[in-house]
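Thank you all for coming. I would like to walk you through one model this morning, starting from its core and working outwards, so please have the sequence and the structure in view.

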Amino acid sequence: MTLLRHELRQGRTALIVWTASIACLFAVCIFIFPEMKSQTEGLNELFASMGGFTAAFGMDQVDFGTLTGFYAVECGNILGLGGAFFAALCAVSALCKEEKERTAEFLLVHPISRARIVTDKLLAVLMQILILNAAVFALSVGSIVCISESIPWKEISLLHLAYLILQLELAGILFGVSAFLRRGGLGAGLGLAAVTYFLNIIANLTEQAEFLHYITPFAYADGADIVANCSLNGGLIALGMAYGAIGTALAYWQYCRKDIM
């Protein structure tokens, strides 16, 4: 538990900054919805005329005149990208920062197994992701109340659940990557999160690239699809969780046999 508390203290500033940033952007989007609602007809016509761009972001499936449609596209992209970057930031440095900061020897002389080190660091990553998502969800609900709109509980709950699973998948994969690194991999982590986002856009643009939906977690966290169907794609989520579990298993395997310098 000492290591877990230490990891949470180390990540406290980043957690506060990322949570505040994402939550504030969420609140701003929700507060401007009443003004956007009055321009619905013009916006829908505009988006309908944008061809492939409309399909890429799922704007052909939602009505911007409804809170759920607006929330799925505007707020969904904020939490999708912001949450993915935060999860990547936490996970990709979790197991390699001791070597990068030259504190590995101090950590490993303590009476604690390497498997326990991996477990505590993994728990710290997961707890930070859960805290961020809980805070954003609470503030988004409060913001909807403030603009006197009824809360579409099922839709927003599914949206937030999908983005939480997305973040957990990326965290699991990059946690595994972290075990193989020695000098940090911030660029690799953020790059993977960005690449998976754009892979989903490409998959939405053309039928020839639909196979990419089986690679990117943004496929099952597509806000427009979730709102339109009012459900999650269980098959893609199961596949994504398998990717995350493999990454986590690799982290234990590599870190417990790694020659740490």
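Let me begin with a term: a nonpolar core is a set of buried Ala, Val, Leu, Ile, Met, Phe, Trp, Tyr and Cys residues joined through side-chain atoms within 4.5 Å, where buried means under 20% relative accessible area, exposed over 50%, and partly exposed in between, with a 1.4 Å probe and protein chains only. What you see is a predicted model, in which local features need pLDDT of at least 70 and side-chain atom pairs count only at pLDDT 80 or more, while totals for chains, interfaces and linings use all residues. Residues are numbered from 1 along each chain as its sequence is written, and side-chain values use heavy atoms, with hydrogens and water left out.

The largest nonpolar core has 61 residues, and among these Phe26, Tyr71, Leu166 and Phe175 touch the most other members. At least two residues of this core come from each of α2 (12-37), α5 (67-92), α8 (114-146), α9 (153-180), α10 (186-205), α11 (223-229) and α12 (234-257), and α5 gives the largest share, 14 residues. Helices here are DSSP runs (H or I, at least four residues), as strands are (E, at least two), numbered from the N terminus. The protein chain has 12 helices and zero strands, and of its 261 residues 48% count as buried.

Turning to contacts, by which I mean heavy atoms within 4.5 Å, Leu166 reaches Gly80, Ala84, Pro217, Phe218, Tyr220 and Ala221 once its neighbours within four places in sequence are left aside. For the protein chain, 78% of the contacts between residues at least 6 apart in sequence join residues at least 24 apart.

How do α2 and α5 pack? Their axes, which are lines fitted to C-alpha atoms, for helices over the stretch in contact, with angles from 0 to 180 degrees between N-to-C directions, are 10 Å apart and make an angle of about 170°. The two helices are therefore roughly antiparallel, given that angles over 145 degrees count as such, under 35 as roughly parallel, 65 to 115 as roughly perpendicular and the rest as oblique. Among the residues making the contact are Trp18, Phe26 and Phe33 of α2 and Phe70, Tyr71 and Phe86 of α5. The contact divides into 20 nonpolar, two polar and one charged residue, with Ala, Val, Leu, Ile, Met, Phe, Trp, Tyr, Cys and Pro counted as nonpolar, Asp, Glu, Lys and Arg as charged, and the others, Gly among them, as polar.

Now to three single residues. Gln128 lies in helix α8 and, at 6% relative accessibility, counts as buried; leaving aside neighbours within four places in sequence, Gln128 is in contact with Leu8, Gly11, Leu15, Phe86 and Cys90.

Gly223, in helix α11, is also buried, at 5% relative accessibility. Although Gly223 and Gly80 are 143 residues apart in sequence, their C-alpha atoms are 9.1 Å apart, and Gly223 touches Ala72, Leu159 and Tyr163, not counting residues up to four places away in sequence.

Is Ser231 buried, partly exposed or exposed? Ser231, in the loop between α11 and α12, has a relative accessible area of 36% and is therefore partly exposed. With the exclusion of residues up to four places away in sequence, Ser231 touches Leu158 and Ile226.
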